[in-house]
Amino acid sequence: MKIAIIGAGNLGKSIAKGLIVNNAFTTLYLTKRNTEAIKSYEEYSKVTVTSDNQEAVKNSDILIFAVQPQQLERILEEIKDLLTDKHVLISTITGFKIDRIEAIVGKDQFIIRAMPNTAIAVGKSMTCMCSNEKGEKRIAIAEAIFNRLGTSIIIKENKMQAATVICASGIAFWMRLIRATTQGAVQLGFDAKDAQQLAMNTCLGAASLLVESGKHPEEEIDKVTTPKGCTIEGLNEMEHNGLSSSLIKGLQASFKKINNISEQ
Ligand SMILES: NC(=O)C1=CN([C@@H]2O[C@H](COP(=O)(O)OP(=O)(O)OC[C@H]3O[C@@H](n4cnc5c(N)ncnc54)[C@H](O)[C@@H]3O)[C@@H](O)[C@H]2O)C=CC1
Ligand SMILES: O=C(O)[C@@H]1CCC=N1
């Protein structure tokens, strides 16, 4: 697959890392206005770094857009005359609806919206996708890419904002929970490095139990909470202090904000 990442910033570089580690491309173009920060990627075979989006589009089939929302319109205007039937457009841009993309490049393009997260760098992204009508014929290509770099599901476009909060912002939310656990472990006597090992691998284990068994979290909690034991004591104290409620309220606030951003 000849892939271009238009806008190799935080997310674009994470996608590039995932593609490189998994050897998941034939050629890879990375674009950025000032290429200094991504020059080192040219050390990898078949990777080209350039500030020329048109060059990237001409030499690629799969175009992954990872710029800020306010930058996309101008870039689409810049490349729209170069688009052919070989191109599949994949936009990771938050809040930028398919009909806005179609208004610039036309309905007769394969357009996919994808919401990955930065764990794509290590092949563990949860990616949600949707497409325009024409894009349905090529969504399997996007699925193949994102399944190689994690797990993907196809959703309705009206769920993309919620998916952004849960999956993309979700990385930050889970990081903070891991950090809080690390702080707790330090207070219980572990040095910072060991504390983080304990926190992150326990988090990984908990998620893996659910991924591999398909079970409900509460079923796994029941196996851990000895009656009158220390787990239920800690869990109930956390809930008295609003653990679940605080998380749900945070997700709601994030969702409210994302809807405001996309109206701007
Ligand atoms: N950071 C994240 O975890 C996620 C971000 N997103 C979305 O992905 C998009 C990118 O986000 P980030 O990577 O965080 O932003 P970023 O600001 O780190 O990256 C954007 C990149 O685009 C480049 N750029 C700007 N104008 C350009 C142009 N004309 N041609 C080529 N490159 C250009 C910038 O130099 C920058 O490196 C946003 O729309 C964001 O909402 C989606 C999911 C996760
Ligand atoms: O924080 C943000 O607005 C973007 C969207 C998801 C991740 N970063």
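This passage walks through a predicted model of one protein chain, from its overall build to a few individual residues.

The overall build is a good place to begin. The protein chain contains 11 helices and eight strands. Along its principal axes, the C-alpha trace spans about 70 × 40 × 35 Å. Of the 264 residues in the chain, 31% are buried. The contacts also tell something about how the sequence is folded together: among contacts between residues at least 6 apart in sequence, 63% join residues at least 24 apart.

One stretch of the chain carries a label from a database record. An unreviewed UniProt entry annotates residues 2–93 as "domain: Pyrroline-5-carboxylate reductase catalytic N-terminal". In the model, this stretch is 32% helix and 24% strand. The C-alpha atoms at the two ends of residues 2–93 are 21 Å apart.

Attention now turns to the inside of the protein. The largest nonpolar core has 54 residues, and Ile5, Ile64, Ile90 and Ile112 are the ones with the most contacts inside it. Strand E6, which runs over residues 110–115, gives the most to this core, with five residues. What does isoleucine 5 touch, not counting residues up to four places away in sequence? The list consists of Gly12, Ile15, Ala16, Leu30, Thr31, Ile64 and Ala66. Ile64 therefore appears twice in this account, as a partner of isoleucine 5 and as one of the residues with the most contacts inside the core.

Helix packing can be followed in one pair. Helix H3 (residues 69–79) and helix H4 (residues 98–105) pack at an angle of about 30°, and their axes are 9 Å apart. The crossing of these two helices, H3 and H4, is right-handed. On the H3 side the contact is made by Glu73, Leu76 and Glu77, while H4 brings Ile101, Ile104 and Val105. Sorted by character, the residues of this contact are four nonpolar, no polar and two charged. The spacing of such residues has a simple background: an α-helix has 3.6 residues a turn, so residues three or four places apart point the same way.

Asparagine 53 is a residue with an annotation of its own. The unreviewed UniProt entry marks Asn53 as "binding site". Asparagine 53 belongs to helix H2, which covers residues 53–58. Is asparagine 53 buried or exposed? It counts as buried, because 24 C-beta neighbours lie inside 10 Å and the cut-off for a buried residue is 20 or more. Leaving aside neighbours within four places in sequence, asparagine 53 is in contact with Ile6, Thr31, Ile75, Glu78 and Ile79. Thr31 is also among the residues touched by isoleucine 5.

The loop between strand E2 (27–31) and strand E3 (47–50) offers two more residues to look at, one of them lysine 46. Phi of lysine 46 is near 65°, a positive value in a residue other than glycine. Lysine 46 counts as exposed because it has 12 C-beta neighbours inside 10 Å. Glutamate 42 lies in the loop between E2 and E3 as well. With 13 other C-beta atoms within 10 Å, glutamate 42 is partly exposed. Not counting residues up to four places away in sequence, glutamate 42 touches Val47 and Val49. Glycine 18 is 24 residues away from glutamate 42 along the chain, and their C-alpha atoms are separated by 15 Å.

Further along the chain, a second lysine with a positive phi appears. Lysine 228 has a phi of about 65° although it is not a glycine. Lysine 228 is found in the loop between helix H9 (217–224) and helix H10 (230–240). With 7 other C-beta atoms within 10 Å, lysine 228 is exposed. Helix H10 itself is hardly covered: the count of buried residues among its 11 residues is zero. Just after H10, glycine 242 takes a positive phi of about 90°.

A last residue gives a sense of distance across the model. Aspartate 81 sits in the loop between H3 and strand E5 (88–91). Aspartate 81 is exposed, with 9 other C-beta atoms within 10 Å. How many Å separate aspartate 81 and alanine 180 in space? From C-alpha to C-alpha the two are 50 Å apart, and in sequence they are 99 residues apart.

Conventions:
Residues numbered from 1 in each chain as written. Chains lettered and ligands numbered in written order. Predicted model: local features only at pLDDT ≥ 70, side-chain atom pairs only at ≥ 80, totals over all residues. Core = buried A, V, L, I, M, F, W, Y, C linked by C-beta atoms within 7 Å. Helix = DSSP H or I, 4+ residues; strand = E, 2+ residues; numbered from the N terminus. Contact = placed C-beta atoms within 7 Å. Axes fitted to C-alpha atoms, helices over the stretch in contact; angles between N-to-C directions. Left-handed = near helix turned anticlockwise from the far one by under 90°. Nonpolar A, V, L, I, M, F, W, Y, C, P; charged D, E, K, R; others polar. UniProt positions renumbered as here; feature names shortened; annotations may be inferred.
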